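Please walk through the following model step by step, beginning with a single residue and widening the view to its surroundings.

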There are 2 protein chains.
Amino acid sequence: MADTIEINPISGFPEWLPNLRLQEERFIDTIRKQYQLFGFTPIETAAVERFNVLTAKTAMQRQIFTLGRPEEGEGEESDLGLHFDLTVPLARYVVQNAEKLVFPFRRYQIQKVWRGERKQRSRFREFYQCDIDVVGRSTLDPIHDAEIPCVINATFEALKLPDFQVQISNRKILGDLIRVAQPDPEQLTKALRAIDKSDRNEVEKTREALAAEGVDARVIPAVLDLTRCDSVAEARKILQTAGAQTGGLDELQAVMESAIALGMPEARLRLNFAIARGLDYYTGTIYETFLVGKEDWGSICSGGRYDDLASFFTTQKYPGVGISIGLTRLFNLLVQSGLVDVSRQAPTQVLVTMQNRAAYLKEYLALARLLRERGIATEVFLEPAGLRGQFGYASSKGIPLAVVAGETEIGQGVVTVKDMRVGKQEIVARDALPDYVLKKLSG
Amino acid sequence: MADTIEINPISGFPEWLPNLRLQEERFIDTIRKQYQLFGFTPIETAAVERFNVLTAKTAMQRQIFTLGRPEEGEGEESDLGLHFDLTVPLARYVVQNAEKLVFPFRRYQIQKVWRGERKQRSRFREFYQCDIDVVGRSTLDPIHDAEIPCVINATFEALKLPDFQVQISNRKILGDLIRVAQPDPEQLTKALRAIDKSDRNEVEKTREALAAEGVDARVIPAVLDLTRCDSVAEARKILQTAGAQTGGLDELQAVMESAIALGMPEARLRLNFAIARGLDYYTGTIYETFLVGKEDWGSICSGGRYDDLASFFTTQKYPGVGISIGLTRLFNLLVQSGLVDVSRQAPTQVLVTMQNRAAYLKEYLALARLLRERGIATEVFLEPAGLRGQFGYASSKGIPLAVVAGETEIGQGVVTVKDMRVGKQEIVARDALPDYVLKKLSG
């Protein structure tokens, strides 16, 4: 026999054991269901894009995995890379299919993305993003910005996570303030960078960061006041005192009011002028989402409003608003914190055990059919083993119910159902089995 | 403004418009649901494997996409490639996690795979595979082979495709026959290759192919008889006349009988000794599935029994049985044949239209919440537009129902529901709306 090949895990490419993958699938299904309830439609783009498309907008070159073909030399493949987010593919898809899409185009997209992170950073190099965007052609009503927090709320509520808070701001507000001193658009980028890097509670450090970035000294005090304030009224005072316009603030106020009218719980929506979002790309409303008590995890769902999705591919304007859940990172943090149910190794709800297979195989198989017809995930234990071994199998897989039927039971038209979770058993009429099981599972 | 980047589609990487992706998702959900009903548990492996793992078993080197990093030079990435199927990753995963899995390990895996096909062949280079396998440690009872056709049957029935047939054979039978003349194991491979290449109805050509491959002339007549025969009794006569053992045939007969006991409809299970399956890998039962009337599409779901899943990674034996649906290819053929519903652009079931937003926005938003709480996918039309434009939006997206509420309706506590599919409308009490909608949608 040839030598066997050693298996070495590849860092940054996470894989879950079945009990975790079962839960990850549940997360994805739940997210998808909520996105659909709000009328978002699915798209999926190829994992692969042309290199010039991937690099059109960003400085992500270093993080792109390119494709090659070992025996083909420099072929077309050297021009291809794996997508690193779902926004660039969305922009390309919208432009490519613009004549066939209905606008506003509401899409969700749940796919893996790949980033060539350095090993040292111990970040994921393959992970799921779960995105929604509403994209208009030429225009998009600002009320769409108000719907997004409601989708976030419905989604995280459905995931049954610890309580959470959507923090909201609007890029224009800081822009309005800075423009009082300097009309240079670079000033906003610099201020955002400084705020992004520092903690809103460390006023002195933020002041230094703003100064270090070269933000005009005349507006620094007002910027600092703004990042620490948490009401519209207070913000309005700060802007008015500084002599700044309040267009951005008016917009934010309208978005928050509409969000609450749309059903967003007030306690879960919080103004925070200190959120900045890394990307230049956003031009209006911005969102970050935090689990209460787990703020150190950073934002688990972020996004915002942008004026122009696809400026690199077309002169047609596509304004939009969207968010992204970095699912793999969130899921991993929840697992590490013991917040994910790890008890089930399979979706199986019932194990039909076997005794005297030669005599009763057909009966066992018929029981399984009876259950599956009612949508109950059922396994028949098909290996040779005693009852004890079969119960052991059910326990180790976390299967909640086991059905036992020996000669006596079969003769009487009944089965014994053992609840593996509590170790108790009951006798049930064969024909009543599916209803009994459904009740047991829902109870 | 900078020049825009031209977008060129990449051949072999399919993407669907929303109406098709909606259906592809439905296909995947349906397949997954059936796999779960039989107690298969989900796993997902990274898209990326080490090159030596990918190439351990096969001559697929040429079809592997390797990864690179443009600015990193020859790093670890040059050792990585995208998986080209889900069997190699399964083998690696089972060996890597053997101590943490429960055997028999029943897993499903629905993921994209990538193959560096030459452009000229116009095959997909990125596509979905939907696999199930049952993997034993050391042993696996043959009755598992009988369950597989039942899973195929349940899955294709649930997909509501045209009628289909699972063709079944067992590699050992041909082996038993050939061994009469020649104990050389290469003879079986040669015979399989010849049968694979030729049409069972063209006896002369198959005869020539067998001779050309160097199959022993003494068994060629019996091989030809076998490939054309379609009953166990007839096959038994051929084997006995040739003086061959019948162990493989006995096994196949038992598998077919058990499959029928498990609920496989007899008319959908057909013996076919001419199916060969490309891969060496299978050692017992083999399956191919054909849509009736679309046999020219080739097999849409294939698989079989193997003695040893992971011989390249471990000396521990892992026998198993499994199948794979090449979903992207099947889905594309169904679309091309007009067999996929393309009428809906979104999962949205109800569009809540708006009039006089300033006065009634809250009422419209509340209607949407009422519907979503009952699981009804609902959009509110948030752009400025007249009723006619809003109905046009509903029509072009294939949204079945539109809710209209003007001043009169709101005053009376009712809404008008327009069924976009037939153009008729009815007045419904506001509180009765969710029940009315659910009934309309199920009717």
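In which helix of chain B does B:Tyr364 lie? This is a predicted model, and in it B:Tyr364 belongs to helix H12, which covers residues 357-372 of chain B. The residue counts as buried because 23 other C-beta atoms lie within 10 Å of its own, the cut-off for that class being 20 or more. Once its neighbours within four places in sequence are left aside, B:Tyr364 is in contact with B:Val352, B:Met354 and B:Val380. B:Phe391, by comparison, stands 27 residues from B:Tyr364 in sequence, and their C-alpha atoms are 16 Å apart in space.

Two of these contacts lead on to a sheet, since B:Val352 and B:Val380 are among the residues that B:Tyr364 touches, and chain B has an open sheet of five strands in the order E13-E12-E14-E15-E16, with mixed pairing. Its edges are formed by strand E13 (378-380) and strand E16 (424-429) of chain B, each of which pairs on one side only. On average, and with direction ignored, neighbouring strands of this sheet are turned by 25° against each other. Strands of a sheet pair through backbone hydrogen bonds, in either a parallel or an antiparallel sense. For strand E15 (residues 414-419) of chain B and E16(B) the sense is antiparallel, and the pairing extends over six bridges; within it, B:Val417 stands opposite B:Glu426 of E16(B). Helix H15, residues 433-442 of chain B, lies across strand E12 (350-352), strand E14 (401-404), E15 and E16 of chain B, and runs at about 15° to E15(B).

Elsewhere in chain B, helix H7 (residues 203-213) shows how burial can be distributed around a helix axis. Here B:Thr206, B:Ala209 and B:Leu210 are buried, and because they cover an arc of only 100° around the axis, they fall on the same side of H7(B). An α-helix has 3.6 residues a turn, so residues three or four places apart point the same way. The buried residues of H7(B) pack against helix H6 (186-197) and helix H8 (220-228) of chain B, whereas B:Glu204 and B:Ala212, on the other side of H7(B), are exposed. Just after H7(B) comes B:Gly214, which takes a positive phi of about 90°.

Helix H4 of chain A (residues 143-158) presents another case, for 14 of its 16 residues are buried, and H4(A) is therefore largely enclosed by the rest of the structure. At 1.5 Å a residue, the 16 residues of H4(A) should span 22 Å, and the end C-alpha atoms, 24 Å apart, agree with this. A positive phi also appears just after H4(A), where A:Lys160 takes a value of about 55°.

Seen as a whole, chain A contains 15 helices and 16 strands, and its C-alpha atoms fill a box of roughly 90 × 60 × 45 Å along the principal axes. Of its 443 residues, 46% are buried, and among the chain A contacts with a separation of 6 or more, 66% are between residues 24 or more positions apart. The largest nonpolar core has 254 residues, and those with the most contacts inside it are A:Val94, A:Leu177, A:Ala191, B:Val94, B:Leu177, B:Ala191 and B:Val223. One of these, A:Leu177, touches residues including A:Val219, A:Val223, A:Leu239 and A:Ala244, with residues up to four places away in sequence not counted.

Conventions
Residues are numbered from 1 along each chain as its sequence is written. Chains are lettered from A and ligands numbered from 1 in the order in which they are written. This is a predicted model: local features need pLDDT of at least 70, side-chain atom pairs count only at pLDDT 80 or more; totals for chains, interfaces and linings use all residues. A residue is buried if 20 or more other C-beta atoms lie within 10 Å of its own, exposed if 12 or fewer, and partly exposed in between; C-beta atoms are placed from the backbone. Helices (H or I, at least four residues) and strands (E, at least two) are DSSP runs, numbered from the N terminus. The arc is that of the directions from the helix axis to the C-beta atoms. Two residues are in contact if their C-beta atoms, placed from the backbone, lie within 7 Å. Two strands pair if DSSP finds at least two bridges between them. Axes are lines fitted to C-alpha atoms, for helices over the stretch in contact, and angles run from 0 to 180 degrees between N-to-C directions. A nonpolar core is a set of buried Ala, Val, Leu, Ile, Met, Phe, Trp, Tyr and Cys residues joined through C-beta atoms within 7 Å. The expected span of a helix is 1.5 Å times one less than its number of residues.
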